[in-house]
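Thanks for making room on the agenda. I would like to walk through one protein with its ligand, beginning with a term and then moving from the ligand outwards.

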Amino acid sequence: MRASTVRRATTVGNTMRAWMTENYKGPLVCREVSIPSITQPNQVLIKVKATSMNPIDCRMTEGYGDQILSTWSQFESFSFQRPSRLPLIAGRDCCGEVIAIGGNVTGVNVGDEVIAVVPGPWAGSHAEYVLTKSDAVAKKPLNVNYLEASTLPYVACTSWAALVSVARINPNNASGIRVLIHGGSGGIGSAAIQMLKAWGAEKVVATCSENNMNYVTSLGGIAVDYNSQDVKDQLIAEGPFDVILDCVDTDLARWSDKVMGVWRNSVHVSIVSPMLKDTDRYGIPFGLLSTAIKYFERSCGSIGNGRWFSYAYFMPNSQCLNQISEFIDNGKIKIPHIEKVYKFNEFPTAYDRCALLHTKGKLIIDIAEESLPPKIDSPPPSPTLSPYHPGTKSVPIIDLKPPPISTEPPPVVV
Ligand SMILES: NC(=O)c1ccc[n+]([C@@H]2O[C@H](COP(=O)([O-])OP(=O)(O)OC[C@H]3O[C@@H](n4cnc5c(N)ncnc54)[C@H](OP(=O)(O)O)[C@@H]3O)[C@@H](O)[C@H]2O)c1
């Protein structure tokens, strides 16, 4: 693609700060690196104002998904060799400002404030700039600030993949549907409960810890404490369910197949898939085979009762992002609870908290530091020993100033 087809707001500096891992056993480090540039006509360059933490970020910096995601990059780049993912910048979503777009991009323009997700194999948004695709971007909702807007893109796209693409729920057929969500108070659960309620689902029951029951109820779900003595009786009483969305893969989640409808085409969708772990462990062919065997084992038990089982995976989806933006603006869904807002230099602490898998709602990193963060609850305890802190290994943090923004006039738009 010719560079002249790229549209830019201003000429930005050449470098940005990014948090990354340079080897999978090492800590997170902050480095100054080149700002990514647009190489394909469907790409969008975003100046990140806020980004969120997702458990996948913690796991990716430890090597999770290396095999499959580097092979995916190899296919995307038509390369003979599988590219290394290191140094790896994690971060799968953001709210920010469009700085440049490729010639084929429609729907967003330079200068627009947007919400966006970043495809799995691409360098992520835990940086001052990120590159993504046009079908992974939507205009930012107007009624919320940039911190709040960054809570939903990745979790909404993952929920959409599970609920719409796999379970085939949509606003037109949701009215009589009963759904059970395992992990209702986390990022995915918070998004999924609200999307289902906005579509008019008849009943959304969600498991969570006792501490988070009020939160799940406030989102519109029927909260069930997964530690209560009679949790199975409660689920039996609330069932049968047409759809189970499993965000935790616990014994209770597997048992809950029993509270699905029989011969009603009910589906159990799990977003906790063994595929990335299996391919990392056994390589691509045997890893996929191992996942397929696990899938068939799970499915066999269901098929006999006229139910089915599936894994679901995050996919960028502009239709989902546009609907989320619209739902926020017209009040159909609320921003999930923001457990804590971290500053750019606090990324390692945010990784520590996220890795515990007990986030209430979302963890946000304020990169632009433009406005006051929304009200937050008391901060959670931070673990003392952390694999993410630079201080635990002798790797320096480079503390750099943000890249200069040039005041030169923009290049000619073609
Ligand atoms: N397949 C994909 O493409 C994909 C995409 C995104 C995420 N995921 C996976 O999905 C999972 C959830 O992601 P997330 O962003 O929602 O994580 P999260 O924000 O960290 O939330 C995890 C939630 O799980 C709850 N939880 C922990 N133990 C539980 C249990 N035994 N029963 C029920 N709930 C329990 C926690 O609630 P309490 O504190 O109340 O216990 C917490 O709210 C992660 O494992 C992530 O890797 C997969």
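When I speak of a helix, I mean a DSSP run of H or I that is at least four residues long, and helices are numbered from the N terminus. Please keep in mind throughout that this is a predicted model.

With that in place, helix 5 contributes the largest share of the shell around the ligand, namely three residues. Helix 5 spans 187-199, and at least two shell residues also come from each of helix 1 (55-60), helix 4 (153-166) and strand 10 (203-208). Of the 28 residues around the ligand, those that come nearest are Gly186, Gly187, Ile188, Ser209 and Phe314. As for the character of the shell, 15 of its residues are polar and 13 nonpolar, while none is charged. In terms of domains, both domain 1 (3-151 + 335-392) and domain 2 (155-311) provide at least three residues of this shell.

Turning to the protein as a whole, there are 12 helices and 16 strands, and 47% of the 414 residues count as buried. If we take contacts between residues at least 6 apart in sequence, 73% of them join residues at least 24 apart.

How confident is the predictor? The average pLDDT is 88, and 87% of the residues score at least 70. Two stretches call for caution, however: residues 378-385 have a pLDDT below 50, with seven contacts in the model beyond near neighbours in sequence, and residues 391-414 are likewise below 50, with 40 such contacts.

How values were computed. Residues are numbered from 1 along each chain as its sequence is written. This is a predicted model: local features need pLDDT of at least 70, side-chain atom pairs count only at pLDDT 80 or more; totals for chains, interfaces and linings use all residues. A residue is near a molecule or strand if its C-beta atom, placed from the backbone, lies within 6 Å of it. Ala, Val, Leu, Ile, Met, Phe, Trp, Tyr, Cys and Pro count as nonpolar, Asp, Glu, Lys and Arg as charged, and the others, Gly among them, as polar. Domain bounds come from an automatic or database domain assignment. A residue is buried if 20 or more other C-beta atoms lie within 10 Å of its own, exposed if 12 or fewer, and partly exposed in between; C-beta atoms are placed from the backbone. pLDDT is the predictor's confidence in each residue, from 0 to 100.
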